Amino acid sequence: MWSDFISMNCQGLVIGERIVGENGKFLDILTDELGLIEVAQKGVKSIKNENRASLQMFTYSNLCVEKSKKHYVVKSSELIESFYGMREDLLGLALASYISQVTTYTIGQHSTDSVAILKLILNIFYYISNHQRCISQLKSIFELRFISEMGFSPNLLVCGRCELSLTDSLYFSIRHNSMICQNCASMEDLQISKAVFKSMQHIVFSDYSRLFNFKLSDASLRQLGRLTESILLSTLNRGFSSLDYFKSIATM
């Protein structure tokens, strides 16, 4: 338990901010030690504030935080990574905003180990910033792996209705978050290609050294994208304004 005004060191990624008054912010920071915390910070816009550079949106920093009865405050910080390259990519920046909104909402509703989620987001932000992966592929990886890390992993091993091995004709049920065999498939189930099925297994089960290392054709990547988005939205039972914006500029 925290007592009043006890400081703690952690590493954190700023994934949300709300302006308060003329020179203050509330920050949502995803940390390795404390999970998702809300930080009240005064004077963050001032060029004289020594924490200014390390408390910008999408920055990852070493933090010394202090908690009183009301809120957290960052006492000192040291920038680790700014992910500056994301600001040069409008679609990548929109994806980062979508990732942040989903994470802030979901972790606020469910207790979870934030380390795995933080690692996932940091990896994706790295690839966005360095322009090393297709944005639509990164979006699908986030959606499916995030849901899995949150404890809502889809059944990708056997048919969700008869529990027998899957056949060559593959279907997925959004309602049941499960693969469905040909014999059990209904009109509401989505038929998917073997390549998409294999990529879903890769995203869910691979360790981080291999997670981002797969390729799909454009057609398969579009099918995967529609599917992972539907899985996430159905699981969380809500939409996101940042997703609407992402999709609006993705089609420009």
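At what angle do the axes of helix 3 and helix 4 cross, and within what distance do they come? The tour of this predicted model begins with that pair.

**Helix 3 and helix 4**

Select residues 135-149 for helix 3 and residues 194-205 for helix 4. Their axes come within 8 Å and cross at roughly 55 degrees, which makes helix 3 oblique to helix 4. The crossing of helix 3 past helix 4 is right-handed. To display the contact, show the side chains of Ser140, Ile141, Leu144, Arg145 and Ser148 on helix 3, then those of Met200, Ile203 and Val204 on helix 4. Coloured by class, the residues of this contact comprise 5 nonpolar, 2 polar and 1 charged.

**Helix 3 and helix 5**

Keep helix 3 selected and add helix 5, residues 218-236. Two packed helices are described by the angle between their axes and the distance between the axes. For helix 3 and helix 5, the angle is about 35 degrees and the axes lie 9 Å apart. Helix 3 passes helix 5 in a left-handed crossing. On the helix 3 side, the contact is made by Ser136, Gln137, Lys139, Ser140, Phe142, Glu143, Leu144, Phe146 and Ile147. On the helix 5 side, select Leu221, Leu224, Gly225, Thr228, Glu229, Ile231, Leu232, Thr235 and Leu236. The contact of helix 3 with helix 5 has 9 nonpolar, 6 polar and 3 charged residues.

**Along helix 5**

Now show helix 5 alone. Helix 5 has 19 residues and spans 27 Å from its first C-alpha to its last, close to the 27 Å expected at 1.5 Å a residue. An α-helix has 3.6 residues a turn, so residues three or four places apart point the same way. Which residues of helix 5 are buried? They are Ser220, Leu221, Leu224, Gly225, Leu227, Thr228, Glu229, Ile231, Leu232 and Leu236. Continue just past the end of helix 5 to Asn237, where phi is positive, at about 60 degrees.

**Two further positive phi angles**

Most residues other than glycine have a negative phi. Centre next on Phe83, in the loop between strand 5 (72-81) and helix 1 (90-109). Phe83 is not a glycine, yet its phi is positive, at about 50 degrees. Is Phe83 buried or exposed? Its relative accessibility is 5%, so Phe83 counts as buried.

Move then to Glu163, in the loop between helix 3 and strand 6. Glu163 likewise is not a glycine and has a positive phi, of about 65 degrees. With 62% relative accessibility, Glu163 counts as exposed.

**Strand 6 at Leu170**

Select Leu170 in strand 6, residues 170-173. Leu170 is buried, with a relative accessible area of 4%. Which residues does Leu170 touch, leaving aside those up to four places away in sequence? They are Met179, Ile180, Leu190, Gln191, Ile192, Ser193, Lys194 and Phe197. To place Leu170 within the model, draw a distance to Lys42: the two residues are 128 apart in sequence, and their C-alpha atoms are 54 Å apart in space.

**The loop at Ser54**

The last stop is Ser54, in the loop between strand 3 (35-42) and strand 4 (60-67). Although Ser54 lies in a loop, its relative accessible area is 4%, so Ser54 is buried. Residues up to four places away in sequence aside, Ser54 touches Thr59, Ser61, Ser77, Glu78 and Leu79.

Conventions: Residues numbered from 1 in each chain as written. Predicted model: local features only at pLDDT ≥ 70, side-chain atom pairs only at ≥ 80, totals over all residues. Heavy atoms only, no water. Helix = DSSP H or I, 4+ residues; strand = E, 2+ residues; numbered from the N terminus. Buried < 20%, exposed > 50% of the residue type's maximum accessible area, 1.4 Å probe, protein only. Contact = heavy atoms within 4.5 Å. Axes fitted to C-alpha atoms, helices over the stretch in contact; angles between N-to-C directions. Parallel < 35°, antiparallel > 145°, perpendicular 65-115°, else oblique. Left-handed = near helix turned anticlockwise from the far one by under 90°. Nonpolar A, V, L, I, M, F, W, Y, C, P; charged D, E, K, R; others polar. Expected span 1.5 Å × (residues − 1).
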